[in-house]
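Reader: Could you take me on a close look at the open sheet in this model, and then show me how the rest of the chain sits around it? I would enjoy one connected account rather than a list.

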Amino acid sequence: MGSPACRSCSGRSGNVVLDLGNQPACDHFPGCHDPGPDPSYPLQMWLCSSCGLTQLVGEPTVAEEPLGTEPAALIAQAGDAVERLATAGWLAGRSGAAEFGSPHGGSWLGLLADRGVAPVADGGPADLVIDSFGMMHNADQSIALAQRVARVAAGGALLLQYHSLDTIIRLGQWNALRHGHFAYYSTSALVGMLEAKGFSPRVAWRFDLYGGTVLLAASREPSVGVTSDGSVNALLSDDARLGVRDPAAVSRLQADAEAHAHGLRDWLVAQRTAGRSVLGYGAASRAVALLCRARVDRGLLPAIVDSSPSKHGLRMPGTDVPIVSPARLAMHPPQSVLLFVPDLLTEVRRAFPEVEDSGGRWVDAEALRA
Ligand SMILES: [Zn+2]
């Protein structure tokens, strides 16, 4: 296989920075009685030398990501983001919004309508064009961004929200890499992509979601009635310091993958040896990659609880660990619940007090690193 063509600039020069070998499709959950083996596909991350966009190698394995349960953390963050936009004056004088949705949920349209910015009918130009975790699902990044900028009305703004590459590198979130997520944006690469479409970044806001999420506001005209501040330059400086365009810096994710898989496996073996009961929580895509990498089966982790009823009776791809309903936590609270989605911690502690009431604890699976 030759070098891939960049999904944004079509450049062919670049480096594979993370190679997870063959992985099952992380959103195809087989039935519990399906013995497998599950079909698997190469899973690699590539960094374009020309434009700096970090991206998935290869073609889609699945057409669409199914909508899972919308996490409360995502909904709360959307409210926080709209509040910050309003405070900074980005909603003043704007009447219409268009949104490119995400299979992750978290629509902003209702929140904006509550503040007088109404949804614009299909295809029409809008004062605010929103994309919150949507564009990464597009295989052709150049076309996807062109579609978004084309909908921005004169004097309007494009608002892009993404789980930033600097977070992925700083926190060693190697398992953010998954089939169906085609781009992993650094602010540095995204600013270049926007400039190629005639847009300039104006202001950026940071949020704690996923360990570090960025909302970037961009527009065509030099003035959109809102003054730019130093926030974008601060992120670009952070990116340069961290080396988001440097293959050596980004490929540290490979060592993170090894350390994380060993850490998880060692911890589960220690629990089993000590006779301590464990359940998982959150049948998320990042859990699929982690369990596969660590070769975890039901002998080490008897089940993963998930709040989405459509997953009950199914198992995790690439292993025999079944997905069960939250009723299991109430019936038999384990001594440890391994939480695969740390953003859910506040939500699950409140929803399942029986875990801690019976002396159990929540353990962050992201933190188990050798
Ligand atoms: Zn490129």
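**The open sheet and its surroundings**

Author: Happy to. The open sheet is built from 5 strands in the order β13-β12-β11-β14-β15, with parallel pairing. β13 (323–324) and β15 (361–364) are the edge strands, each with a single partner strand, so one side of each has no neighbour in the sheet. Please keep in mind that this is a predicted model.

Let us begin at the β13 edge. Strand β12 (residues 304–305) runs parallel to β13 and is joined to it by 2 bridges. Within that pairing, I304 stands opposite I323 in β13. Towards the other edge, helix α8 (residues 252–274) lies across β11 (278–281), β14 (336–339) and β15. The angle between α8 and β14 is about 165°.

Now for another set of parallel strands, with β6 as our guide. Strand β6 (residues 126–132) has 7 of its 7 residues buried, so the rest of the structure largely encloses it. Strand β4 (residues 96–100) runs parallel to β6, and 4 bridges join the two. Here A98 stands opposite V129 in β6. β6 also pairs in the parallel sense with strand β7 (residues 152–163), over 6 bridges. V129 turns up again in this pairing, where its bridge partner in β7 is L158. To get from β6 to β7 the chain passes through helix α3 (residues 141–150), and this β-α-β crossover is right-handed.

Both α3 and β7 come back when we look at helix α5 (residues 187–196), since the buried residues of α5 pack against α3, β7, β9 (200–207), β10 (213–219) and α6 (231–242). In α5, 7 of the 10 residues are buried, so this helix is largely enclosed by the rest of the structure. Those buried residues are T187, S188, A189, L190, V191, M193 and L194. After α5 comes G198, with a positive phi near 80°.

One of the buried residues of α5, M193, leads us to S8. This serine is found in the segment before β1 (14–24). S8 touches M193, along with C51, L53, Q141 and S142, leaving aside residues up to four places away in sequence. Its relative accessibility is 17%, so S8 counts as buried, the limit being under 20%.

The cysteines deserve a friendly word too. A disulfide is a covalent bond between the sulfur atoms of two cysteines. In this model the count comes to 0 disulfides. C32 is in no disulfide, and the nearest cysteine sulfur, that of C292, is 15 Å away. C32 counts as partly exposed at 28% relative accessibility, whereas C48 is buried, with a relative accessible area of 2%.

Finally, let us step back to the whole chain. The protein chain has 12 helices and 15 strands. Its radius of gyration is 21 Å, close to the 21 Å that the globule rule gives for 370 residues, so the chain is as compact as a globular protein of that length. Along the principal axes, the C-alpha atoms fill a box of roughly 65 × 50 × 35 Å. Of the 370 residues, 52% count as buried. Among contacts between residues at least 6 apart in sequence, 73% join residues at least 24 apart.

How values were computed. Residues numbered from 1 in each chain as written. Predicted model: local features only at pLDDT ≥ 70, side-chain atom pairs only at ≥ 80, totals over all residues. Heavy atoms only, no water. Pairing = 2+ DSSP bridges. Contact = heavy atoms within 4.5 Å. Axes fitted to C-alpha atoms, helices over the stretch in contact; angles between N-to-C directions. Disulfide = S-S within 2.5 Å. Buried < 20%, exposed > 50% of the residue type's maximum accessible area, 1.4 Å probe, protein only. Right-handed = clockwise from strand over helix to strand, strands pointing away. Rg over C-alpha atoms; globule rule 2.2 N^0.38 Å.
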